[in-house]
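Visitor: I'd like to learn how to read a structure like this one. Could you walk me through it, feature by feature?

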Amino acid sequence: MGKIHPENISSPSPSSSCSSPYVTSNRETFTIWMKSLVFHGNGCTVFNSKGELCFRVDNYQERCSNEVFLMDLNGQVLFSIKKEKLRVFGRWNGYLCGGFKGRPWFQVRKNCTFSRGNVICNVNLGNKKSIESCYKIQKLDKKSSFKVTNTTGEIVAELKQKQSSRGFAYGDDVLTLEVEPQVDQSLIMALVTVCGLISRKL
């Protein structure tokens, strides 16, 4: 199969995120399959509760790339994610739509004091002037499970291994993502993508 190249579109202003079609009034549940639909590719494929394809990441034949793109089902880029190499720990910058110019919409910094039960990453939104983290990504008990909390400590999203209706767990590469109401699902999926890069699953 030939490469399905991401389609770049003009970058909107940060305020346009407020009208994102990925913000809903209901809790949304997604199934993440840590496989690319592209033959011999790396990445992940995301389905909504209706079984419809809604997000995808395709790295083609390069695993743990320093530049990845979160796309919708049509191949339009929602976030361009780039790793900035620092002296000790990396930082991941997320840009709206295609390209890596301008101010990042979000930044993810890995916590250098991470241990079990502690915060894995701190997330800052680029349109916020406060130096405090807007979100924190915290590890849960299982290897691929984590939660995203806001500044007040409320859980806005949770990722865990998917289970069947009978309680049987699927493989390690099939996950469930629950996103709370009024939270940008595309942003949360971008953070999941960064976590996949950190854990070398993408």
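Visitor: Where in the chain does Gln182 lie?

Guide: Keep in mind that this is a predicted model. Gln182 sits in the loop that links β12 (174-179) with α1 (185-198).

Visitor: What should I look at in the backbone there?

Guide: Start with phi. Most residues other than glycine have a negative phi. Gln182 goes the other way: its phi is positive, near 60°.

Visitor: And is Gln182 buried or exposed?

Guide: Exposed counts as over 50% relative accessible area. Gln182 has 57%, so it is exposed.

Visitor: How does the rest of the chain run, element by element?

Guide: There are 12 strands and 1 helix. Going from the N terminus, the order is β-β-β-β-β-β-β-β-β-β-β-β-α.

Visitor: How do I read strand pairing, say around β9?

Guide: Look for bridges, and for the direction of the two strands. Strand β8 (residues 119-125) and strand β9 (residues 135-139) run antiparallel, with 4 bridges between them. Within that pair, Val119 stands opposite Gln138 of β9. Strand β9 also runs antiparallel to strand β10 (residues 146-149), again through 4 bridges. There, Lys139 has Phe146 in β10 as its bridge partner.

Visitor: Which residues have the most contacts inside the largest nonpolar core?

Guide: The general idea comes before the case. In soluble globular proteins, nonpolar side chains tend to be buried together. Here the largest nonpolar core has 46 residues, and Ile32, Phe79, Phe106, Leu177 and Ile188 have the most contacts inside it. The element that gives the most to this core is α1, with 9 residues.

Visitor: Can we take one of those and see what it touches?

Guide: Sure, take Leu177. Leaving out residues up to four places away in sequence, its contacts include Phe30, Ile32, Leu159, Ile188, Met189 and Val192. Glu28, Thr29, Ala157 and Glu158 are also among the residues that Leu177 touches.

Visitor: What about a side chain that meets the backbone?

Guide: Try Gln161, which is in strand β11 (residues 155-161). A polar atom of the Gln161 side chain lies 2.5 Å from the backbone oxygen of Tyr170. The same side chain also reaches the backbone oxygen of Gly171, at 3.4 Å.

Visitor: And for the whole chain, how much is buried?

Guide: Of its 202 residues, 45% count as buried. The accessible surface is about 11,300 Å², and carbon and sulfur atoms hold 48% of that. For contacts with a separation of 6 or more, 36% are between residues 24 or more positions apart.

How values were computed:
Residues numbered from 1 in each chain as written. Predicted model: local features only at pLDDT ≥ 70, side-chain atom pairs only at ≥ 80, totals over all residues. Heavy atoms only, no water. Buried < 20%, exposed > 50% of the residue type's maximum accessible area, 1.4 Å probe, protein only. Contact = heavy atoms within 4.5 Å. Areas by Shrake-Rupley, 256 points an atom, 1.4 Å probe, with all protein chains shown as cover. Polar contact = N/O pair within 3.5 Å; in protein donor to acceptor, adjacent residues only side chain to side chain. Pairing = 2+ DSSP bridges. Core = buried A, V, L, I, M, F, W, Y, C linked by side-chain atoms within 4.5 Å.
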